[in-house]
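Here's a walk through one protein model, taking in rings, strands and a few unusual backbone spots. Keep the viewer open and follow along.

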Amino acid sequence: MKHRILLLVLAGLSTLFLQCSKDGDSTTPPTPSKLTISNLNYNPKTIVYNSSATTFIVNGYFSYANAQGGVYKLRLTSSAGTDVTQIIQDNVGASSGTITGAFEFQWPATLGTINFEVWVIDAKGNASNKLSGSIQLIIDDSAVKWRYIAIETPSMLQDVAWLDEQFIAVGNAGGIMTSPNGSQWTFRNTGINNLLRGIAWSGTTYVAVGENSAILSSPDGETWTNHSVDSIPDVNLTDIVWTGTAFVAVGGSTSKYSGNILNSTDGKTWTINPFSITKGFLTGVANSGSLMVPIGKADGHPIMVTSPDGINWTPKTIPAAGDATLYDVNWNGSQWLVSGSGFVLTSPDGNVWTYKLLAGNPNLSKVIHTGNKYVAAGGGIYTSNDGNNWTLTYTGDSYYPFLSIAWSGNNYVAVGLLYAIAVSP
């Protein structure tokens with residue numbers, strides 16, 4: 001027999017389905033001893049947050065004995081202040097038995113541990129002892145389990161970031177897509193056909209950059225305005241960052257074969273920086289708040305430059321990198337990390353760098369830091385606690401390596417696949 005009730009648990013509504021199995025019958029007098037409950041079991045005890053779901057289910061049961069006139073009420077309280085009483089009418093007269101239930105909880109605003117107590121009251125008003133339990137709500141940042149979401153256009157996304165409480169991804173044919181959770185995506189028409197490679201957010205304005213000096217701005221990620229720089233039409237922009245006072249975009253001129261840096265205070269009006277890389281190209285840039293670090297290649301060798309203001313630049317010596325390619329640069333709050341082909345460079349200050357050759361020669365195209373660990377996208381998904389020792393957690397697609405990855409605080413999104421977006425967990 002089943003009985004449906006509504007429970008207010010934490011910040012949302014829950015539904016409890018109860019089923020009572022009787023060991024006694026209504027004509028047998030109950031034993032006079034104290035009403036007791038025991039053997040509380042429930043599953044799962046640990047639940048991983050799922051941003052695409054609004055509720056989660058916990059199944060459980062417990063036994064009761066010595067009920068006078070049967071179990072009449074069930075009570076449940078939680079550490080969030082819940083105190084719910086439910087009348088049970090389906091087991092009148094049963095002196096003992098088992099109560100089973102399925103609890104459907106709304107996800108609370110804050111994850112953590114839910115502590116609860118449950119007990120019953122029989123038809124004579126006797127209260128049982130209390131049984132307690134806890135449910136741990138966690139975020140899975142392991143980057144082990146992934147699912148693919150099909151997209152029709154653009155055919156491939158080049159970069160993705162978590163900006164202003166939404167994922168924004170840019171890619172082929174001027175394509176931009178947005179998502180509040182990584183599961184539901186909306187295509188945004190930009191009106192251009194340029195390949196887009198980078199995205200940044202100032203706090204009021206989104207800016208996307210790409211090939212042939214493509215520059216787009218938007219106040220909300222939905223409506224985009226073209227600001228492509230006509231005076232430098234052959235500059236392919238590869239990455240962009242907000243410094244706190246200005247946007248800095250990097251790339252290179254295809255006709256002059258030089259690495260270039262562009263500056264803008266509003267994302268709409270742009271100037272080309274006097275500093276350039278001869279016979280080279282800039283592929284990435286990051287900002288710590290006090291230092292900016294673009295990376296790239298010049299005259300067949302990796303190059304790195306630094307600047308405190310985005311205007312004046314100083315080239316840096318790169319140890320032991322040879323003629324390797326530098327893919328990405330990241331600042332995690334206490335350490336700089338540059339990823340290359342089978343190696344990383346780390347630095348506490350952006351001035352002195354340490355070279356580390358990685359086992360397995362992983363290709364780390366894009367590196368992020370979740371606050372707990374590094375996660376990199378490339379020829380698979382890799383994780384690291386310190387930036388020096390990496391573990392392959394997901395092999396990905398051998399034909400289409402991942403190009404970029406983002407973390408929202410709840411889940412990852414990785415792009416680079418053909419007609420698909422990868423989400424974890």
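Where does the charged end of Lys 45 sit? Over the ring of Tyr 42, at 4.4 Å from the ring centre. A second case of this kind involves Lys 130, whose charged end sits over the ring of Trp 119, 4.3 Å from its centre. Bear in mind as you look at these distances that the model is predicted.

Now for rings against rings. A pair of aromatic rings is described by how far apart the centres are and by the angle of the planes. This structure has 16 aromatic pairs. One of them joins Trp 162 and Phe 167, with 4.8 Å from centre to centre and 65° between the planes. That makes the pair edge-to-face, because planes over 60 degrees apart fall in that class. How do the two partners fare for accessibility? Phe 167 is buried, at 0% relative accessibility, whereas Trp 162 is partly exposed, with a relative accessible area of 23%. Trp 162 isn't called buried because that word is kept for values under 20%.

If you'd like a bigger group to click through, ring pairs also link Trp 146, Tyr 394, Phe 402, Trp 407 and Tyr 412 into a cluster.

Next, the strands. Strands of a sheet pair through backbone hydrogen bonds, and they can do so parallel or antiparallel. Here, four strands make an open sheet, ordered β12-β13-β14-β15, with antiparallel pairing. At the edges you'll find β12 (157-163) and β15 (186-188), each of which pairs on one side only. From one strand to the next, the twist averages 25°.

Zoom in on β12 and its partner β13, residues 166-171: six bridges hold this antiparallel pair. To pick out one contact, take Val 160, whose bridge partner in β13 is Ala 169. Between β12 and β13 there's a loop, and Glu 165 is in it. What is the sign of phi at Glu 165? Positive, near 65°, and this in a residue other than glycine. That's worth a second look, because most residues other than glycine have a negative phi. As for its side chain's surroundings, Glu 165 counts as exposed because its relative accessible area is 61%, and the cut-off is over 50%.

Asn 212 gives you another positive phi in a residue other than glycine, this time near 55°. Look for Asn 212 in the loop between β17 (206-210) and β18 (215-218). At 46% relative accessibility, Asn 212 is partly exposed.

Glycine gets its turn in a hairpin. Strands β28 (residues 326-331) and β29 (residues 336-340) run antiparallel and are joined by five bridges. One of the bridge partnerships matches two tryptophans, Trp 331 with Trp 336 in β29. Four residues lie between the strands of this hairpin, and Gly 333 has a positive phi near 110°.

Last stop: the peptide bonds. Most peptide bonds are trans. Which bond joins Thr 153 and Pro 154? A cis one, with omega about -5°. Pro 154 belongs to the loop between β11 (147-150) and β12, the strand that forms one edge of the open sheet. There's also a cis bond from Ser 424 to Pro 425, where omega is near -5°. To find Pro 425, go to the segment after β38 (420-424).

Notes: Residues numbered from 1 in each chain as written. Predicted model: local features only at pLDDT ≥ 70, side-chain atom pairs only at ≥ 80, totals over all residues. Heavy atoms only, no water. Phe/Tyr/Trp six-rings, centres within 6.5 Å; stacked < 30°, edge-to-face > 60°. Buried < 20%, exposed > 50% of the residue type's maximum accessible area, 1.4 Å probe, protein only. Lys NZ or Arg CZ within 6 Å of the ring centre and 35° of its normal. Pairing = 2+ DSSP bridges. Axes fitted to C-alpha atoms, helices over the stretch in contact; angles between N-to-C directions.
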